[in-house]
Amino acid sequence: MLKKVIIFLFLSVISLYAVEERNIQKVMDSKVRQVLDILKNKTLSQKQKDQKNVRIIDDVFDYSIMSQISLGKRWKTLTKNEKTQFSKAFEQKIKHSYLDKLRLYNNEKVIIKNLKKVKTNRITLETLVIGLDDTYKVIYLFYKKKQNNQWYIYDVELVGVSIIQTYRKQFSEFLKTKTVKQLIESL
């Protein structure tokens with residue numbers, strides 16, 4: 001009985017932070033607006049902006065799946081401990097990279113465009129980042145997690161380039177001559 005209660009509580013917490021299909025555009029629009037408001041807030045330090053922005057995006061990204069995809073077949077050869085260490089290091093790498101990009105913000109506008117269901121368990125959300133000179137297409141790739149039927153981001157395409165596929169190629173090259181431990185340390 002206690003086990004069932006714990007599982008129920010765990011699933012309840014997950015569902016509070018996940019995204020339902022019908023709310024993806026609304027949730028992402030809200031998150032983008034919150035991030036932009038924080039970036040424009042001149043009373044916050046850079047560290048405060050970083051902390052607030054990470055909290056906003058954390059619940060829609062599935063860093064564990066992103067870690068697995070970025071290693072490809074090599075993921076299955078890792079020990080449980082290596083998987084945990086790699087996932088944590090990769091999550092930090094993704095967040096650090098995200099915050100670096102946000103620091104380049106220069107009053108660009110962001111428009112949430114089309115939501116497209118490409119498979120029963122895959123959805124893409126197209127956004128446009130409009131700057132003074134250029135407009136960039138950013139596509140968020142969502143998948144539906146079977147355990148709770150909620151949607152999470154597993155990749156982002158910037159101007160047609162997949163972030164996770166880029167890491168996958170880099171990691172594959174790295175692991176041709178070095179160990180997983182060295183890869184984790186390099187992240």
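Is Tyr167 buried or exposed? In this predicted model, Tyr167 has a relative accessible area of 10%. Because buried means under 20%, Tyr167 counts as buried. This residue makes a convenient starting point for a tour of the aromatic side chains.

A search of the whole structure finds 9 aromatic pairs. In one of them, Phe90 and Tyr167 meet edge-to-face, with 5.3 Å from centre to centre and 80° between the planes. Phe90 belongs to helix 5 and Tyr167 to helix 6 (residues 163-175), so this pair ties together parts that lie 77 residues apart in sequence. Phe90, for its part, is also buried, since its relative accessibility is 0%.

Tyr167 has another aromatic partner, Phe171, and here the rings are stacked: their centres are 5.6 Å apart and their planes differ by 25°. Both residues sit in helix 6, 4 residues apart, which is about one turn of the helix. Like Tyr167, Phe171 is buried. Stepping back, Phe90, Tyr167 and Phe171 join Trp75 and Phe86 in one aromatic cluster. The two pairs described here thus offer a view into that cluster, one of them being edge-to-face and the other stacked.

Helix 6 also carries Phe174. Leaving aside residues up to four places away in sequence, Phe174 touches Thr179, Gln182, Leu183 and Ser186. Met28 offers a contrasting reference point: Phe174 and Met28 are separated by 146 residues in sequence and by 34 Å in space, taken from C-alpha to C-alpha.

Helix 5, the home of Phe90, can also be followed to its meeting with helix 3. Two packed helices are described by the angle between their axes and the distance between the axes. For helix 3 (residues 46-58) and helix 5 (residues 80-102), the axes come within 11 Å and cross at roughly 120°. That angle makes helix 3 oblique to helix 5. The crossing of these two helices is right-handed.

Which residues bring helix 3 and helix 5 together? On the helix 3 side they are Asp50, Asn53, Val54, Ile57 and Asp58, and these meet Lys95, Tyr98, Leu99 and Leu102 of helix 5. Sorted by class, the contact of helix 3 with helix 5 comprises 5 nonpolar, 1 polar and 3 charged residues.

Definitions and conventions: Residues are numbered from 1 along each chain as its sequence is written. This is a predicted model: local features need pLDDT of at least 70, side-chain atom pairs count only at pLDDT 80 or more; totals for chains, interfaces and linings use all residues. Side-chain values use heavy atoms; hydrogens and water are left out. Axes are lines fitted to C-alpha atoms, for helices over the stretch in contact, and angles run from 0 to 180 degrees between N-to-C directions. Angles under 35 degrees count as roughly parallel, over 145 as roughly antiparallel, 65 to 115 as roughly perpendicular and the rest as oblique. A crossing is left-handed if the near helix is turned anticlockwise from the far one by less than a right angle, and right-handed if clockwise. Contact means heavy atoms within 4.5 Å. Ala, Val, Leu, Ile, Met, Phe, Trp, Tyr, Cys and Pro count as nonpolar, Asp, Glu, Lys and Arg as charged, and the others, Gly among them, as polar. Rings of Phe, Tyr and Trp (its six-membered ring) pair if their centres lie within 6.5 Å; planes under 30 degrees apart count as stacked, over 60 as edge-to-face and the rest as tilted. Buried means under 20% relative accessible area, exposed over 50%, partly exposed in between (1.4 Å probe, protein chains only).
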